[in-house]
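Biologist: I'm new to reading models like this one. Could you walk me through it, one question at a time?

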Amino acid sequence: MPHHRLIILGAGTAGLSAYKQASELSEDILLIDPGPLGTTCARVGCMPSKALLQVAREVHASHSLYRRQLLKGPLPALDSAAVMQQVRSLRDRFVSGPVRTVEKMGKHYLQASARFVGPNRIEARSAAGVELFSADAIIVATGSRPVLPPAWQAFGSRVLTSDSLFELPDLPARLAVVGLGALGCELGQALAMLGVQVHAFGRGSARVAGMAQPELSALAQAALAEHFSIHQGHEARLQAADPGLVVEFGEQRIAVDAVLAALGRTPAVEGLNLAALGLPLDERGLPAIDAQSLRAGDTAVFFAGDVNALTPLMHEAADDGRLAAWYALHPEAACLARRTPLAITFTEPQMARCGLGQAELPAGALTGRSNFGTQGRSLIMGQSHGLMLVHADAGGRLIGAEMVCAGAEHLGHELAWLIQRGVDVIEALQLPFYHPVLEEGLRSALQDIRRHLPARERRPDLPLCGQADEGLPGV
């Protein structure tokens, strides 16, 4: 039986990151994946969805110029088939990178399906037959799959998921989006901007795109409702119709051509035979996984990326892979900290959260507000919805932020960097802010916190002489 120092199951983001990290430490690595190659993000997730969103924004912007009579002449018709083809072309380009990475692995990659036959043994089934392998450590990075209620599977291609949406040759005229998480909100708004009549359904909660802060969630819902209908408070049920489907939602019956199931994703562990690990499994078929080391119980098996269902985001999956590989090859390694949590939803306006949210704040925490509905650059960009909340501890150290505003993808990053570096409000206000930029809205939120600090200096928001020159070459 061939033995390896490390076996990695899955060639997605986590698996490839694990391979890259491990290959710096050992050449005795085997990566097993049945295909198709290409990460979830590149094939069916963040990249094709952002490509669709970009086209949708451009179409929406042209329609806005036309409505404001800044464009003259007849409004051109949208070729939605060409839109979908462009999205697929970009998707294929993004997928080609991970595919090439795996193809370069040579003997270190085996195209096969894998299952455990013991805590440190794998059975791999390929076109060449069945082979057994053992390893000092194994990383499971098999990713996730869309949640699809069993009863909905009977409706066939009329029920879409993110795995099938981008294969549509053309766009439907009427679409129901079931699920108001980040994916449902992004794709629902994009398709509505492209002229699809969209009805979105959420069950039992006013929260949209994971925004837990009530004021921000309400603002996000109001902004999205300008593009598509939002229905909340009941469970959506589907009935067959000719030629589409009917969504039953409380007393409502809404006819659509297709339904997009945006109900989240679940770990892809079918066929792995995780029972062979000898650990209790939960209702998802997973063993208990240590959130820090990603290790399952007392085994040498680690779960990285979406499969562990801890933080299903691409950048977190990449870090999972690096961390799992490091611990797999260094069982006694010192604890590695995680980066400041950061999540972004790419709607218009964008939404972002980093660090702690309002519901998680410690006693004495301070919150600064900034209204982006009146912020100069935001208004120039045509964004009339916007609010940022920035959180600091009682001493003024930045600890979190949440926002629904223009440029949240960048502002969220900037705040996450400040939070991870332990910067306080006074230090942050000494940094440069240009005009007119969206970051001036961040400065307003910081100034709001400063007004509530119990004690502070009254000098201008400028660094002391010598501080501004630190780190500059030749100074």
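Modeller: Sure, and let's start with a term: a disulfide is a pair of cysteine sulfur atoms within 2.5 Å. This is a predicted model, so local features need pLDDT of at least 70 and side-chain atom pairs count only at pLDDT 80 or more, while totals for chains, interfaces and linings use all residues. Residues are numbered from 1 along each chain as its sequence is written, and side-chain values use heavy atoms, with hydrogens and water left out.

Biologist: Which cysteine is joined to cysteine 41 by a disulfide?

Modeller: In general, a disulfide is a covalent bond between the sulfur atoms of two cysteines. By the distance rule, the count here comes to one disulfide. The S to S distance is 1.7 Å, and the partner of cysteine 41 is cysteine 46.

Biologist: Is the disulfide of cysteine 41 and cysteine 46 left-handed or right-handed?

Modeller: For that we look at the torsion about the S-S bond. Between cysteine 41 and cysteine 46 this torsion is about -125 degrees, so the disulfide is left-handed.

Biologist: Does cysteine 46 count as buried, partly exposed or exposed?

Modeller: Buried means under 20% relative accessible area, exposed means over 50%, and partly exposed is in between (1.4 Å probe, protein chains only). Cysteine 41 has 11%, so that one is buried. Cysteine 46 has 25% relative accessibility, so the label is partly exposed.

Biologist: Why is cysteine 185 not bonded to another cysteine?

Modeller: Cysteine 185 is buried, at 0% relative accessibility. The closest cysteine sulfur belongs to cysteine 405, and that is too far for a bond, at 16 Å.

Biologist: And how far is cysteine 354 from the nearest cysteine sulfur?

Modeller: Cysteine 354 is buried too, with 1% relative accessibility. Cysteine 354 is in no disulfide, and the nearest cysteine sulfur, in cysteine 405, lies at 11 Å.

Biologist: On to strands! Which strands stand at the edges of the sheet E12-E13-E14?

Modeller: Strands (E, at least two residues) and helices (H or I, at least four) are DSSP runs, numbered from the N terminus, and two strands pair if DSSP finds at least two bridges between them. Three strands form this open sheet, with antiparallel pairing. A strand with a single partner has one side left without a neighbour in the sheet, so the edge strands are E12 (237-240) and E14 (252-256).

Biologist: Which residue in E13 stands opposite leucine 238?

Modeller: E12 and E13 (residues 245-249) run antiparallel, joined by four bridges. Opposite leucine 238, in E13, you'll find valine 247.

Biologist: Now for charges: how many salt bridges are there?

Modeller: A salt bridge is a side-chain nitrogen of Lys or Arg within 4 Å of a carboxyl oxygen of Asp or Glu. One of them links glutamate 123 and arginine 125, at 3.6 Å from N to O. Another joins arginine 284 to aspartate 282 at 3.0 Å. By this rule, the count comes to 20.

Biologist: Which helix holds both aspartate 319 and arginine 322?

Modeller: Their side chains meet in a salt bridge, 2.6 Å from N to O. Aspartate 319 is buried, at 11% relative accessibility, whereas arginine 322 is partly exposed, at 35%. The two sit three residues apart, about one turn of the helix, and that helix is H7 (residues 314-329).
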